[in-house]
Amino acid sequence: MNDPYLILGVPPDAEDAAIESAYLAAIGRSPPERDPARFEALRDAYEKTRTRRDRLAHALFDQIPPTAADVLCRAAPLGEPRRPSQRTLAALLRGEA
Amino acid sequence: MARKHKRPSIKARAPARAVTAESARDDLQAGRFREAIAGFKALLREDPRDVLREGLADAYEGRARQLAGKGMLKEALVMWENRAALGEMPRRLDHAALLLRLGRVGPVLEMLGEPSVAGDPALGAGLASHLAAQLLGGTPGIAEALPADHPVRVQGAAAEEALGAYCAGNDQALAQALRAIPFRSPYRDLVQILRALSRLDPAARDPASGGADEVRGEAAGLLDRVGDDSGFAHLRDAARLSLLPEAELAPRLREAGPAGRDLVFALRGWSVERAALWNELPGPGERPRELLCLMFRHRRALGEDWARERGLRLLLPNLGAGARWWLEAGGKPLTDLEIARLNAWQSEAEGNPWRVAYAWQDYANLLSGAGQRHPPTGSDAALRIALARRRTDHLFEVMQGSTPDADPESLPAMVAADLEASLETDPDDRPTYLSLIGYYLRANALKDARRILKLAQARWPTEKAVLTAAMDIALAGGAFKKAASIARDVLAVDPINSPVRERLVDAHLAHARKNLRDRRPDLAERALNQAEEWVRGEVTRERLALMRALVGTHAGAPEGEERLHALADRLGRGLAARLALLLEADGCGVPGRPLLERLDLAKPPAPDVADLRAFFTRLRAHLDAGAKLPPQIGRELGEPLKRAARLKLDRGELESICETLRRAGLHAPRLAFANAALKRWRGEPVFELHTFEARHDGVAPWAVGMPDLLRLEKALERARAAGDSRLVHRLIELLNGLAGPFGPSPRGPLRGGFSDPIRERGTEGADPAILEQFADLIRTLGPGGVQDLLREPGPLGDALRGLERAIGKRTLREMVDAILAGHAVDDRTLPDRGRIGPKPTPPRSRRRETQDDDADRQLDLFK
């Protein structure tokens, strides 16, 4: 995923305070010693969106094309994980992959 | 109507060849099971030996697995049945698993009672595991057919309870049910899988437990305990899929079946909408065209602006094709601003700073209505304009280290103008002010530096970096008192700012020198006292002591002379001591030679290695501070330095010495050191370079002899072979600089051989002014004079003969005729000069014309 707003989970028009609090909350959930890849992605996203000038520069100069993951996250963000249905597990137990 | 082509049977396709046991076994080993089956069958018809039957059984087994892997379950079962029909063959778990998948429980239960299975505990446990999984999966007829005390039936209730509790999210009940399943249970693999799955659920996880990576690792460890032959292997595989990172998940998800995907969707928190959208996504590789179409189809869910803005990024790098997709996908025509931005992005990919600068200028001009109106300061549009104007410097760091030159249309001048313009719409960007001040200071353009400083000080009067810049400007303008006062202000804000402290000391020392030159030793003494207050470090103390001694001698005090003698003793009375004394004396306007005589240092020293090293340390420090070595000091120390070239030094040290001597402009000692190095490392390119440059310092390019040029070209070849790209670049620059009025020096087979890949795009060579001088010479001499010159000795004759050899007599004659006929000296007059040398900066009007307009043409398609 390349879109820093999607990585931080904030809307594209989020202000400094909202971005900072989203960043702090996210790194609290994924500290570097536990989830270094996620932490790195969060830090990178935060650096791109920290100030208004950063956000405008990112909008103006960023040329990285969106990925399928960006499109998925934007249109239908990930929800909370849920338990699968017993029907799904039964099918898998019967060997229906 | 085309009829479906029926694949011929293996018998019909098999070439007429004699089948042997070896050939059949080879087919079996190579996985050619159909051929192996046909081969073994043919052999068995003639010779029904057990070993051939076993071979056929193995071939059936292999083919059955092959077909099952392709999802051809019924066909696979036929193979297993064929194998079983061969007689007493060991049972296989895969056969039983396939039967169960097809709902044929009876034969599996029969197998369970067979003595061969009962005598193989591993096979028995495997069969039980498959029966357990199928029982839990709801395959009918298993429970009824098993004895009441069979573990699959006995522990089935607990397993079902565990499964139900997991699905319902009741982790307490899950833990209880899992505890009820014994270790040696046919359901033990289910226990591992459910434990792994429940670890993945953040709601069920202990908040103090590890992060996502750690949890995934633990879950993967639990899943690894489930073997490939387990009845729960399918469930394990689907669970493993849900552990994959996002980037790996998408392609693997396509390989999974519906149940596997459902499990992943649930465990990863995918909504129905997300799953549906994923289903529409283009396949592997995320082809931009398909992704763009998808984004436009779902623009409502994605947001109109988001889809359009992100979609623009999919048009690069092929804007021409992108233009078609955009419109075909239903995109509204692009605005002028969007086209300007795409053009600027494309220019960045090309890496040409001129083109980047113009492209972003176009964007900024468009945004500001061609400069007619400025958006309100602080608005998004104003900031965008400023950012666009700063982009070239940001990308290419043009201002860093650049010095303003006389050409107002040079790249640094244009970038500086853009930076200044950016401050009109975004006056709050401090780094831009500082960058501009540094740029103007490097050229001693104090008026411009002060102008920018004034603007910065109006915004940040007490800011440390701005104060430091103010101090630098004061120092550059010789306003030492003012500089000292500003430095105090900086140190009041930041007491441990050592660079400012050093600058302040330098300022006082410079002031003292100025006073001494003005024959005011009293004021010089006062400046030194002020400097002493801020001095830290031995080197500065030594300089201060030297200056005090010089001030003392200037004032006629005997202590000054004594101090100088003592200092010379302390410095070792060698080459390093002479350099230190001469540099300070020169700064103070004290003649160096008489000073050395007074200190009994007039006789040139014979430095040893330690003294030489100390000398170069001092010299480098002096040059690093941006100062030059005064020529009279160079003359004073040149001879002893040349003699020092006999000292045995290692290669790296000699390279460093030659480089320092180059910077100091001491070419005679440099030549001595480089020659000494070449005696030890014959043909070493770096020393060839130093030798050449030192020997030909101040020599006109056409006066350089052919042998020297050939040596330089050999050095270039060696440097290339050694992969020393930096040295290769320097040698190419040197050789290109030697290109005379005819473009590159014509040197037979090596002509044009030193093209630089970095500068391959530059194809124009000679300076037009030199070309014109050459044309004048030809016009003066006339055709006969040119012929005479070709026979004359000397550098001009050499150069003309070299040109004749390179381009041929006829071309040279045509060129001379063209010049004499009054044609202008331009590319049409001259022969092809090869791909040499950097492209000179074209005039502004031409730069615009020479821009690659392909992108513009491509972008026209959007309109």
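**Exercises on a predicted two-chain model**

Asn444(B) is partly exposed, with a relative accessible area of 48%; partly exposed lies between buried (under 20%) and exposed (over 50%), for a 1.4 Å probe and protein chains only. The model is predicted, and local features need pLDDT of at least 70. Residues are numbered from 1 along each chain as its sequence is written, and chains are lettered from A in the order in which they are written.

**Exercise 1.** Determine where Asn444(B) and Arg519(B) lie and what sign phi takes in each.

*Solution.*
Step 1. Asn444(B) belongs to the loop that joins α28 (430-442) to α29 (446-459) in chain B; helices are DSSP runs of H or I with at least four residues, and strands are runs of E with at least two, numbered from the N terminus.
Step 2. The phi of Asn444(B) is positive, near 60°, and the residue is not glycine.
Step 3. Arg519(B) sits in the loop between α32 (498-517) and α33 (521-532) of chain B, and its phi is also positive, about 60°.
Step 4. Arg519(B) is exposed, with a relative accessible area of 64%.
Step 5. For reference, most residues other than glycine have a negative phi.

**Exercise 2.** Identify the isomer of the peptide bond from Leu316(B) to Pro317(B) and locate the proline.

*Solution.*
Step 1. Omega is near 0° for this bond, and the bond is cis.
Step 2. Pro317(B) lies in the loop between α22 (304-312) and α23 (319-328) of chain B.
Step 3. In general, most peptide bonds are trans.

**Exercise 3.** Describe how helix α2 (residues 16-29) of chain A packs on helix α3 (residues 36-49) of chain A.

*Solution.*
Step 1. The axes, lines fitted to C-alpha atoms over the stretch in contact, are 10 Å apart, at an angle of about 170° on a scale from 0 to 180 degrees between N-to-C directions.
Step 2. The two helices are therefore roughly antiparallel, a term for angles over 145 degrees.
Step 3. Contact means heavy atoms within 4.5 Å; α2(A) contributes residues including Ile19(A) and Tyr23(A), and α3(A) contributes residues including Phe39(A) and Leu42(A).
Step 4. The contact residues comprise seven nonpolar, one polar and two charged.

**Exercise 4.** Characterise the crossing of helix α34 (residues 538-554) and helix α35 (residues 558-571) of chain B.

*Solution.*
Step 1. The axes come within 7 Å and cross at roughly 145°.
Step 2. Among the residues that meet are Leu546(B) of α34(B) and Leu564(B) of α35(B).
Step 3. This contact divides into seven nonpolar, three polar and four charged residues.

Terms used
This is a predicted model: local features need pLDDT of at least 70, side-chain atom pairs count only at pLDDT 80 or more; totals for chains, interfaces and linings use all residues. Side-chain values use heavy atoms; hydrogens and water are left out. Angles under 35 degrees count as roughly parallel, over 145 as roughly antiparallel, 65 to 115 as roughly perpendicular and the rest as oblique. Ala, Val, Leu, Ile, Met, Phe, Trp, Tyr, Cys and Pro count as nonpolar, Asp, Glu, Lys and Arg as charged, and the others, Gly among them, as polar.
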